[in-house]
Amino acid sequence: MMAQDIENEPERIPPDNVPSTELEMATFVGIDNELAETGMGPPVGSAPMAAKTEFRIVAKRFFRHKAARAGLIVLALIILLAFSSIGFGPIPGWWKYDYTEFEPTLTDGGAPTLSIFPPAWGDHPFGQSNEGRDYFALTMRGLQQSLIIAFIVGIVSTIVGTVIGAVSGYFRGRIESVLMRFTDVMITIPLLAIAAVIAGQIGGSGIVGLGVLLGLVTWTSLARIVRGEFLSLREKEFVDAARSVGASSRRIIFRHILPNTVGVITVSATLAISGAILLETALSFLNFGVKSPDISLGLLLQQYRQAMDVRPYLFWWPGVFIVLISLSVNFIGDGLRDAFDPRQTRAKA
Amino acid sequence: MLVFVTRRLVVSFFILLASTALTFFLVAYSGNPLQDLLELRGPQRDAKVAARTQSLHLDQPVWIRYLLWLQDVGRCLSPFGGPCTLGSDRNGGAVLPQLQTAIGSTLRLVVVATILALILGVVTGIVTALRQYSTFDYGVTFVAFLCFSLPVFWISTLLKQYVAIDLNTWLNNPTMTTAGLVILGVVVGALWALVIGGDRRRVLIVFATAALATISVMYVLLVTDFFREPYFGILGIAVFGVAAAVGWSALFAGLHRRGRSVLISAVTTAVAGAVIALLLRTVIAEGDWLVILLVTLGLIAVGLLAGYLLGRPTQRLAMRVSALTGVTVALLVVVDQLLRAYPALFQATGGRPIKTTGSATPNLEVDFWATQLDSLMYLILPTLALMLASFALYTRYTRASMLDVMGQDYVRTARAKGLNNRTVVVRHAFRNALIPLATLMAFDFAAIFSGAIVTETVFGWSGMGKLFTTSLSNIDPNPVMAFFLVSATAIVLFNMLADIAYAYLDPRIRLA
């Protein structure tokens with residue numbers, strides 16, 4: 001089968017593929033030296049072994065980045081807090097109140113009982129909302145929902161952006177021009193505006209629907225980046241080699257080119273998540289996003305904006321969590337970028 | 001070039017067509033425009049429903065409505081063929097007049113925010129690149145990431161609550177305790193010490209100088225009642241003008257012997273500018289936009305003349321620096337006039353000069369300058385909220401781009417042939433570091449349009465964002481489409497301009 005393909009298309013092997021010039025030799029020597037320095041040595045081991053080492057190098061570089069490490073820890077703590085405190089779905093949490101419980105009277109005017117010195121949680125650490133709901137439980141619920149939306153947006157936009165970018169970058173021609181013109185059209189529409197138009201009508205369909213829809217409008221920048229990567233990678237020798245042994249386009253895209261673009265995709269996905277948190281809060285704030293009785297951080301801010309004068313803590317807590325999540329995700333993204341792009345790491349040394 | 005622009009215009013036209021079609025269908029299916037009428041009770045219900053159906057063509061299928069809307073837009077492009085209305089809103093009023101007022105106030109917000117963010121971001125980015133891995137660099141990096149992570153409406157509300165109200169209260173009774181003065185001096189001094197950096201001795205000198213200067217300036221301002229009746233006066237204009245002349249000369253020509261002619265012509269311009277401001281003071285005080293324009297042009301002319309006459313042997317550089325000094329002096333004159341208008345405005349607005357809602361004080365009966373100052377006061381907070389994210393973006397990109405350029409071979413060559421640091425940074429590195437920002441600006445403009453929607457809601461501006469959100473909640477398609485039309489056109493145009501600018505700035509790129 002393979003041999004047949006080669007016989008049918010003998011011109012597939014480009015003659016200029018041979019490293020004849022000094023320049024190319026120098027490149028190969030350089031690569032060899034780099035491999036020797038990083039301790040990978042010549043590829044004696046099997047392919048999966050090499051992949052694992054690559055991952056390890058990236059992880060090592062990532063954890064060298066202090067801010068990224070801190071961001072990862074903070075994000076993990078926030079996720080843990082959000083899902084363990086009030087529980088999720090059927091699983092109960094350790095916090096004594098539920099976000100749906102009403103207390104007829106406000107304890108101490110609903111003031112927060114959290115104190116740093118002496119450290120104590122108190123009965124209602126974040127205070128109570130106007131209707132007497134425990135604000136800690138409410139904030140945790142909003143945190144859960146906002147995190148879920150953000151991750152769905154991150155996943156959906158990454159998949160859509162990667163597929164569109166990969167297909168148009170690999171196949172070129174008519175498919176590329178159609179897809180890229182479509183991307184251009186999407187870019188002419190302000191993100192918040194199109195999200196508001198779409199989300200306004202499906203607000204009732206819950207946070208998953210909202211997340212998917214937001215993902216469907218935020219993929220444009222990733223598609224452009226992935227296309228650019230594919231455009232340069234598809235001209236590389238290893239792709240020619242794969243093609244010459246008869247690999248299908250699908251196999252070349254997924255097994256040969258895509259693993260080489262995992263860096264930009266990961267970074268972009270991370271930043272999409274932090275963008276999604278802000279987008280969701282802005283939408284909910286404008287009343288086009290999550291709708292009551294669902295709760296999200298943006299909706300909490302919107303509901304208690306008027307409380308700013310008298311009970312500012314109702315406005316502070318959700319905002320602080322939004323900033324914390326977004327900040328830690330941004331730092332993680334920065335660390336990932338440095339880890340995947342050795343050129344930048346050298347500049348940081 | 002011409003071929004490129006023509007082709008881009010044609011492509012842009014089709015992109016706009018597709019973009020408006022897409023948004024039109026989305027908006028058309030986003031709800032029933034008759035919703036509020038159907039909930040009415042009473043005899044006129046059916047008549048009202050019929051009237052709105054007729055004016056919005058709701059009896060036609062969506063694609064025909066789109067064609068009708070396109071026809072409305074087309075009327076605005078051709079000189080004949082009916083009045084230009086951009087369609088009518090759900091109450092039958094024309095959209096265009098609403099759009100015109102909205103664009104005006106949004107543009108004021110967006111343009112000021114973009115320009116300020118660009119200038120501050122580029123300057124900060126360059127300084128952080130030159131002081132890579134200093135405390136200042138890390139601090140700015142953190143602040144930039146924080147700005148990226150702030151929800152616009154959250155920070156806007158906090159600004160309203162803490163900055164505006166507290167600052168207004170302080171402006172009503174502008175006094176400071178000695179402790180407050182010392183703290184301010186220490187903070188400002190520490191900031192300057194961080195920015196300038198260097199070894200320990202230099203840091204201490206910078207800190208002491210900046211702290212003392214801040215304390216004494218603040219003391220003088222408080223004693224002379226500057227915060228109640230602020231003004232520079234001709235003396236202030238002259239002093240600041242000469243300082244600017246020295247600063248610009250130091251930046252672009254250096255203060256060594258060869259740059260002396262530049263310095264002389266710039267200082268001459270500053271002094272001549274102050275004299276002109278003195279001679280024309282009554283005209284300027286009663287002036288309007290035309291006067292400002294003429295004075296600015298006149299001062300530029302003075303600068304060019306001074307550079308031409310005194311600038312040998314570096315005539316062209318001297319002319320440029322002197323013209324820049326002329327612009328600076330014109331700016332100082334304007335600021336002086338605005339400051340002089342402050343007491344009148346303070347009276348007229350009941351002692352709360354910094355505004356949190358709206359875009360202009362209604363029924364304000366003051367002169368031209370106080371009116372301008374009034375709208376500036378309204379601009380402060382929304383602009384601040386809007387520019388934070390852009391500022392962070394420009395800072396990061398300028399820093400990265402500057403670091404990239406500083407590592408290039410030609411910069412090393414420039415250093416190797418003995419050029420001083422200023423020349424290398426300003427003449428060789430800085431210009432090339434700015435090139436990638438051209439593309440960034442086009443993208444940022446789109447983002448700022450989104451941001452304006454939120455900012456306008458928080459600060460009660462009746463601009464494009466307000467038009468968009470109210471119309472969208474009311475399910476009123478034509479004003480929403482007007483928003484999309486304007487934003488899409490602006491974004492397409494900006495992208496095209498960015499590409500052209502890129503090719504102009506970087507000769508390696510050819511437009512074809």
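Colleague: Which residues does Ala282(A) touch, not counting residues up to four places away in sequence?

Modeller: In this predicted model, Ala282(A) touches Leu192(A) and Gly298(A), along with Pro151(B), Val152(B), Phe153(B) and Val454(B). A touch here is a contact, which means C-beta atoms within 7 Å.

Colleague: What makes Ala282(A) worth picking out in the largest nonpolar core?

Modeller: Ala282(A) is listed with Ala193(A), Ala195(A) and Ala196(A) as the residues with the most contacts inside that core, which has 155 residues. There is also a second, separate core of 31 residues, and Ala245(B), Val267(B), Val321(B) and Leu332(B) are among them.

Colleague: How many residues form the contact between chain A and chain B, and what is the character of the chain A side?

Modeller: 34 residues of chain A are in contact with 37 residues of chain B. Helix 6 (173-187), helix 7 (191-202), helix 12 (262-285) and helix 14 of chain A each supply at least two residues of the side that touches chain B. That side divides into 22 nonpolar, nine polar and three charged residues.

Colleague: Let's turn to a helix pair. Why are helix 4 of chain A and helix 14 of chain A called oblique?

Modeller: Helix 4 (residues 66-85) and helix 14 (residues 313-340) of chain A pack at an angle of about 140 degrees, with axes 8 Å apart. Roughly antiparallel would need an angle over 145, and roughly perpendicular 65 to 115. The value fits neither range, nor the one under 35 degrees for roughly parallel, so the two helices are oblique to each other. Helix 4 passes helix 14 in a left-handed crossing.

Colleague: Which residues of helix 4 of chain A and helix 14 of chain A make the contact?

Modeller: From helix 4 of chain A, they include Ala67(A), Gly71(A), Leu75(A) and Ile78(A). From helix 14 of chain A, they include Phe321(A), Ile325(A), Ser328(A) and Asp334(A). By class, the contact has 13 nonpolar, three polar and one charged residues.

Colleague: Staying in helix 14 of chain A, where Val320(A) has its place, why is Val320(A) called partly exposed?

Modeller: Val320(A) has 14 other C-beta atoms within 10 Å. Buried takes 20 or more and exposed takes 12 or fewer, so a count of 14 falls in between and Val320(A) is partly exposed. Its C-alpha atom is separated by 9.9 Å from that of Leu297(A), 23 residues apart along the chain.

Colleague: On to chain B. What makes Tyr133(B) notable in its backbone?

Modeller: Tyr133(B) is not a glycine, but has a positive phi of about 65 degrees. Most residues other than glycine have a negative phi. Tyr133(B) is found in the loop between helix 5 (95-130) and helix 6 (135-149) of chain B.

Colleague: How do you know that Tyr133(B) is exposed?

Modeller: Tyr133(B) has 11 other C-beta atoms within 10 Å. The limit for exposed is 12 or fewer, so Tyr133(B) qualifies.

Colleague: What about Asp225(B): buried or exposed?

Modeller: Asp225(B) has 10 other C-beta atoms within 10 Å, and with the limit at 12 or fewer it therefore counts as exposed. Asp225(B) also has a positive phi of about 65 degrees although it is not a glycine. Its place is the loop between helix 9 (200-223) and helix 10 (233-252) of chain B.

Colleague: How many helices and strands does each chain have?

Modeller: Chain A has 15 helices and zero strands, and chain B has 20 helices and zero strands.

Methods
Residues are numbered from 1 along each chain as its sequence is written. Chains are lettered from A and ligands numbered from 1 in the order in which they are written. This is a predicted model: local features need pLDDT of at least 70, side-chain atom pairs count only at pLDDT 80 or more; totals for chains, interfaces and linings use all residues. A nonpolar core is a set of buried Ala, Val, Leu, Ile, Met, Phe, Trp, Tyr and Cys residues joined through C-beta atoms within 7 Å. Two residues are in contact if their C-beta atoms, placed from the backbone, lie within 7 Å. Helices (H or I, at least four residues) and strands (E, at least two) are DSSP runs, numbered from the N terminus. Axes are lines fitted to C-alpha atoms, for helices over the stretch in contact, and angles run from 0 to 180 degrees between N-to-C directions. A crossing is left-handed if the near helix is turned anticlockwise from the far one by less than a right angle, and right-handed if clockwise. Ala, Val, Leu, Ile, Met, Phe, Trp, Tyr, Cys and Pro count as nonpolar, Asp, Glu, Lys and Arg as charged, and the others, Gly among them, as polar.
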